[in-house]
Amino acid sequence: MPRIRVEPIGIEIDAPENETVMDAVCAEGYYWPVGCARNGECTNCSMEVLSGVGRLTAMGRWERANLVRQRGLRSIEDPRLRLACQARVRGDVIVYKRGVEPE
Ligand code: FES
C-alpha cells in the first residue's frame, strides 16, 4: 500500500493504490485546501512533490490545462507541481502542502 508523507505538518498515511493524494489524506481526517469540487479546476490544492513524482499517475490534459490557465505556462515546467485532487498514488511519495491540518 502506498505511503504518503505530507510536510510541513509531518503526517504519514497509508493510501489505497490509485487513490488521489487529497482523497487519501482527507479520508484520514485531515483538511486539504480546496477551491472547487475537487475536480481539477481551481488549482488551490496544488502541492510540491518532494519525493516520488514518478510514483504518481501522469498529469492529464485537464490538470495541465487548468494549471496553465490559473498559474501560467511556467507552472507546468516543473513536474513536481501537481494537483492533489488529480494525482493518484502508485507508490510512496512525500509532498509539501501548507494548510493541511486536522479537521
Ligand atoms: S481542489 Fe480544485 S483543483 Fe484540486
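Apart from residues within four places in sequence, P8 is in contact with Y96 and R98; two residues are in contact if their C-beta atoms, placed from the backbone, lie within 7 Å. The model is a predicted one, in which local features need pLDDT of at least 70 and side-chain atom pairs count only at pLDDT 80 or more, while totals for chains, interfaces and linings use all residues. Residue numbers run from 1 along each chain as its sequence is written.

P8 is located in the loop between β1 (3–7) and β2 (11–14). Helices (H or I, at least four residues) and strands (E, at least two) are DSSP runs, numbered from the N terminus. The peptide bond that joins E7 and P8 is cis, with omega at about 5 degrees. P8 counts as exposed because 8 other C-beta atoms lie within 10 Å. The term follows a count of other C-beta atoms, placed from the backbone, within 10 Å of a residue's own: 20 or more makes the residue buried, 12 or fewer makes it exposed, and a count in between makes it partly exposed. P8 and V95 are 87 residues apart in sequence, and their C-alpha atoms are 8.8 Å apart in space.

The strands β1 and β2 on either side of this loop run antiparallel and are joined by 4 bridges. One of the paired positions is R3, whose bridge partner in β2 is D14. Both strands belong to an open sheet of 5 strands in the order β2-β1-β6-β4-β5, with mixed pairing; two strands pair if DSSP finds at least two bridges between them. The edge strands are β2 and β5, each of which pairs on one side only. Neighbouring strands of the sheet are turned by 35 degrees against each other on average, direction ignored. For such angles, axes are lines fitted to C-alpha atoms, for helices over the stretch in contact, and values run from 0 to 180 degrees between N-to-C directions.

Within the sheet, β4 has antiparallel pairings with β5, through 3 bridges, and with β6, also through 3 bridges. In the pairing with β5, M47 stands opposite R82. In the pairing with β6, S51 stands opposite I94.

The largest nonpolar core has 20 residues, of which I4, V21, M22, V25, A84, V89 and V95 touch the most other members. At least two residues of this core come from each of β1, α1, β4 and β6 (93–96), and α1 gives the most, with 4 residues. A nonpolar core is a set of buried Ala, Val, Leu, Ile, Met, Phe, Trp, Tyr and Cys residues joined through C-beta atoms within 7 Å. In soluble globular proteins, nonpolar side chains tend to be buried together.

Two of these core residues illustrate the contacts. Leaving aside neighbours within four places in sequence, I4 is in contact with E12, I13, A15, V21, A24, V25, V89, V93 and V95. M22 lies in helix α1 and is buried, since 22 other C-beta atoms lie within 10 Å. Not counting residues up to four places away in sequence, M22 touches W32, R38, C45, A84 and C85. M22 and E7 are 15 residues apart along the chain, and their C-alpha atoms are separated by 13 Å.

R38, one of the residues touched by M22, is found in the loop between β3 (30–31) and β4 (46–51). R38 counts as partly exposed because 18 C-beta neighbours lie inside 10 Å. Phi of R38 is near 60 degrees, a positive value in a residue other than glycine. N18, also a residue other than glycine, has a positive phi near 80 degrees. The loop between β2 and α1 (21–27) contains N18, which is exposed because 11 other C-beta atoms lie within 10 Å.

In helix α2 (residues 61–71), the residues E63, N66 and L67 are buried. They lie on the same side of α2 because they cover an arc of only 105 degrees around the axis, the arc being that of the directions from the helix axis to the C-beta atoms. The buried residues of α2 pack against β5 (81–83). The face turned away from this buried side carries the exposed residues R61 and R69. Just after α2, G72 takes a positive phi of about 95 degrees.
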